[in-house]
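Let's walk through this structure together, one part at a time. Keep the sequence and the 3D view at hand as you read.

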Amino acid sequence: MKKSALLMIIFLLTASLTAVYAESSYRSQDANIQPGKLEAGKSNKDINLDKLEEKLEGKGKIGLSLGYPTGITFGYQMTNLIEFNAVLGLYSFDELALGGNALFTLADIVIKDNVFPLSFGPAVYLRTGDKLRTDVLGVLRLEHTFADEPLNVYIEVGAGLEVTPDTGFSGSGAIGIRYVF
């Protein structure tokens, strides 16, 4: 079996298992337990999460990403658990990058009545330059959407492999700000 086929199988398994975990963690039958909801110093029973959660289902986000890559980013929140993102920008001064990811919410971290979703999912980046390169990564993101302003900020890191034309380690990291509409 070719290395690229094996890497694609691992990528698809990671995406599938992440989606199953994210969905199951939100389907608790016990009303006192809120899986995936964390707050330092408080019991989950003491937090009214319905009041805190911003319903972002069906909303888009557009803005700027600084890091790998630096450019324009767009996101679409399918549900409060699943978000798809795309970015078009520069990897370095001589490489154009186009990428996308699917993020699945693992936990909503609550700090002083502010919700910070922690998400994980697969990402693919295509880079031009002297050669067309393909990176496959796992991305971890922490973000916040402000209640009073239609703004979203995030920080993310990723690790994975460059799968074409060579095989090797690839990483990513970015901060971003986006307008929510």
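A search of the whole structure, which is a predicted model, finds 12 salt bridges. Side chains of opposite charge can pair when their charged atoms come close. A good one to look up is the pair K61 and E83, whose side chains meet with N and O 3.1 Å apart. K61 belongs to strand β2 and E83 to strand β4, which covers residues 82-92, so this salt bridge ties together parts that are 22 residues apart in sequence. Are these two residues buried or exposed? K61 counts as buried because its relative accessibility is 1%, and E83 counts as buried because its value is 3%; the cut-off for buried is under 20%.

Now move along the chain to R127, which has a salt bridge to D135 at 3.0 Å, N to O. R127 is buried, at a relative accessible area of 6%, and D135 is buried too, at 0%. R127 also forms a salt bridge with E162, where the closest N and O atoms are 3.3 Å apart. What does this second pair tie together? R127 lies in strand β6 (residues 114-127) and E162 in strand β8 (residues 151-164), so the salt bridge links parts that are 35 residues apart in sequence. E162, with 12% relative accessibility, counts as buried as well. Follow the shared partners and you find one network of salt bridges, made up of E95, R127, D130, R133, D135, E162 and D166.

With these pairs in view, let's step back to the chain as a whole. Its secondary structure comes to 2 helices and 9 strands. Starting at the N terminus, the elements run α-β-α-β-β-β-β-β-β-β-β. Of the 181 residues, 39% count as buried. If you take the contacts between residues at least 6 apart in sequence, 45% of them join residues at least 24 apart.

Let's return to the strand that holds K61 and see what lies beside it. β2 and β3 pair in the antiparallel sense over 6 bridges, and they form a hairpin with 2 residues between them. K61, one half of the salt bridge with E83, has G75 of β3 as its bridge partner. From β3 you can go on to β4: these two strands run antiparallel and are joined by 8 bridges. A hairpin connects β3 to β4 through 4 residues. In this pairing, Y76 stands opposite F84 in β4.

Y76 and F84 lead us to the surface, where both are part of a nonpolar patch. The other residues of the patch are I62, L64, I72, F74, M78, F146, L151, I177, Y179 and F181. Together, the residues of the patch have about 1100 Å² of accessible area. Which strand supplies the largest share of the patch? That is β3, with 3 residues. β2 (60-67), β3 (70-77) and β9 (168-180) each give at least two residues to the patch. One member to look for is I177, found in strand β9; I177 is partly exposed, at a relative accessible area of 42%.

Finally, consider the surface of the whole chain. The chain exposes about 10300 Å², and carbon and sulfur atoms supply 66% of that area.

How values were computed
Residues are numbered from 1 along each chain as its sequence is written. This is a predicted model: local features need pLDDT of at least 70, side-chain atom pairs count only at pLDDT 80 or more; totals for chains, interfaces and linings use all residues. Side-chain values use heavy atoms; hydrogens and water are left out. Patches are made of residues with over 30% relative accessible area and no salt bridge: like charges are joined within 9 Å, nonpolar side chains (Val, Leu, Ile, Met, Phe, Trp, Tyr) within 5 Å. Accessible areas come from the Shrake-Rupley method with a 1.4 Å probe; for residues, only the protein chains shown count as cover. A salt bridge is a side-chain nitrogen of Lys or Arg within 4 Å of a carboxyl oxygen of Asp or Glu. Buried means under 20% relative accessible area, exposed over 50%, partly exposed in between (1.4 Å probe, protein chains only). Contact means heavy atoms within 4.5 Å. Two strands pair if DSSP finds at least two bridges between them.
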